[in-house]
Amino acid sequence: MSEQFREVQGVAETWSPERLLRWAFDTYKQRIALSSAFGAEGMVLIDMAHRIYPAFRVFTIDTEFLFPETYDLMERVEERYGIKVERVYSALTPEDQQTSHGSSLWKTDPDRCCDLRKIEPLRRKLAELQGWITAIRRDQTTSRAHAQKLEWDSKFQLVKVNPLADWTSEAVWKYIRKHDVPYNPLHDRNYPSVGCTHCTRAVHPGEDPRAGRWADFSKTECGLHSPEVQPVSPLVTIGTQPQIERNGSQLPGAYPLPQCDV
């Protein structure tokens, strides 16, 4: 990565989520999209994005095994914010997967199930974009502990924006209450993290907030945000035309497109 990009990363660490989102939309417009599973953090970002750039794009990886409450929330989001959620599916239908890999793959090989129903669909979607926005927080899992607010995603080869990286769960819920943001009712039933029906259960008192995900396995991540080492790092260049905030001040180091040395 270029020194200029590293400087932008450093500055971005001091920005609020709203300012970082504004920069991302000013820089990429329709070439960047918000990825959401419609958890509490994702709902905060959707609400923020709507206030900043109403034409923002949001997509979700629909595994076809989501909770009814999650599907209902998607519809409520579309109605409230006047957007269309871009749903991304696995190349295999649930029936195809059962035929090819046996029934209940999530029980016998959950990593493979996540790869088929989440990772590969995401890879296809991100190939259409120059950047993606996620709702991860550093204190959620050890693999997210070093996430930067702005970074180069070497796994999927594009810019990754994590506006809530330094937020706490308390800050997320304070925003939801303040702005009356809709959220998944499963959160009120001890589901702090909601995934597929087969691999998510309610959390018991005293358990880690993510204990309900893949409860019978040591697995804690589906793999969407797990780092992947690349032999060659891309050279991300900074655009010559600075982006301007809506208040008229210049944002340092704004750039239009990542470029790779090959």
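**Exercise 1. Helix α4**

What distance does helix α4 (residues 68–81) reach from its first C-alpha to its last, and what is expected at 1.5 Å a residue?

Solution. Start with the model: it is predicted, so local features need pLDDT of at least 70, side-chain atom pairs count only at pLDDT 80 or more, and totals for chains, interfaces and linings use all residues. Residues are numbered from 1 along each chain as its sequence is written, and side-chain values use heavy atoms, with hydrogens and water left out.

Step 1. Helices (H or I, at least four residues) and strands (E, at least two) are DSSP runs, numbered from the N terminus. Helix α4 has 14 residues.
Step 2. The expected span is 1.5 Å times one less than the number of residues. That gives 20 Å for α4, and the helix reaches 20 Å, close to expectation.
Step 3. Buried means under 20% relative accessible area, exposed over 50%, partly exposed in between (1.4 Å probe, protein chains only). The buried residues of α4 include E69, L73, V77 and Y81.
Step 4. Contact means heavy atoms within 4.5 Å. The buried residues of α4 pack against α3 (40–52), β2 (58–61) and β3 (86–88).

**Exercise 2. The loop after α4**

Is I83 buried or exposed, and which residues does I83 touch?

Solution.
Step 1. Just after α4, G82 takes a positive phi of about 65°. I83 lies in the loop between α4 and β3.
Step 2. I83 counts as buried because its relative accessibility is 11%.
Step 3. Leave out residues up to four places away in sequence; I83 then touches P54, F56, V58, V77 and E78.
Step 4. I83 and A55 are 28 residues apart in sequence, yet their C-alpha atoms are 7.8 Å apart in space.

**Exercise 3. Strand pairing**

Which strands pair with β6 (residues 158–161), and in what sense?

Solution.
Step 1. Two strands pair if DSSP finds at least two bridges between them.
Step 2. Strand β4 (residues 131–133) runs parallel to β6, joined by three bridges. I133 has V161 as its bridge partner in β6.
Step 3. Strand β5 (residues 150–153) pairs with β6 over four bridges, antiparallel. Here W152 stands opposite V159.
Step 4. The hairpin of β5 and β6 has four residues between the strands, and Q157 takes a positive phi near 60°.

**Exercise 4. Cysteines and empty space**

How many disulfides does the structure hold, and which residues lie nearest the centre of the largest cavity?

Solution.
Step 1. A disulfide is a pair of cysteine sulfur atoms within 2.5 Å. A search of the whole structure finds zero.
Step 2. C199 has its closest cysteine sulfur in C196, 5.9 Å away, so the pair is too far for a bond. C199 counts as buried at 17% relative accessibility. C114 counts as buried at 7%.
Step 3. On a 1 Å grid over the protein atoms alone, a cavity is a set of points where a 1.4 Å probe fits but cannot get out; a pocket is an open set with protein on both sides within 12 Å along at least five of seven lines; lining residues have an atom within 4 Å of a point. Grid points are joined across faces, edges and corners, and a volume is the space filled by probe spheres set on the points.
Step 4. One cavity of 30 Å³ or more is counted. The largest cavity holds about 120 Å³. C113, C114, C196, C199 and W214 lie nearest its centre, among 14 lining residues. Helix α7 (residues 110–126) gives the largest share of that lining, five residues.
Step 5. The largest pocket holds about 920 Å³. Its lining has 38 residues, with E41, Q140, S193, R210 and R213 nearest the centre.
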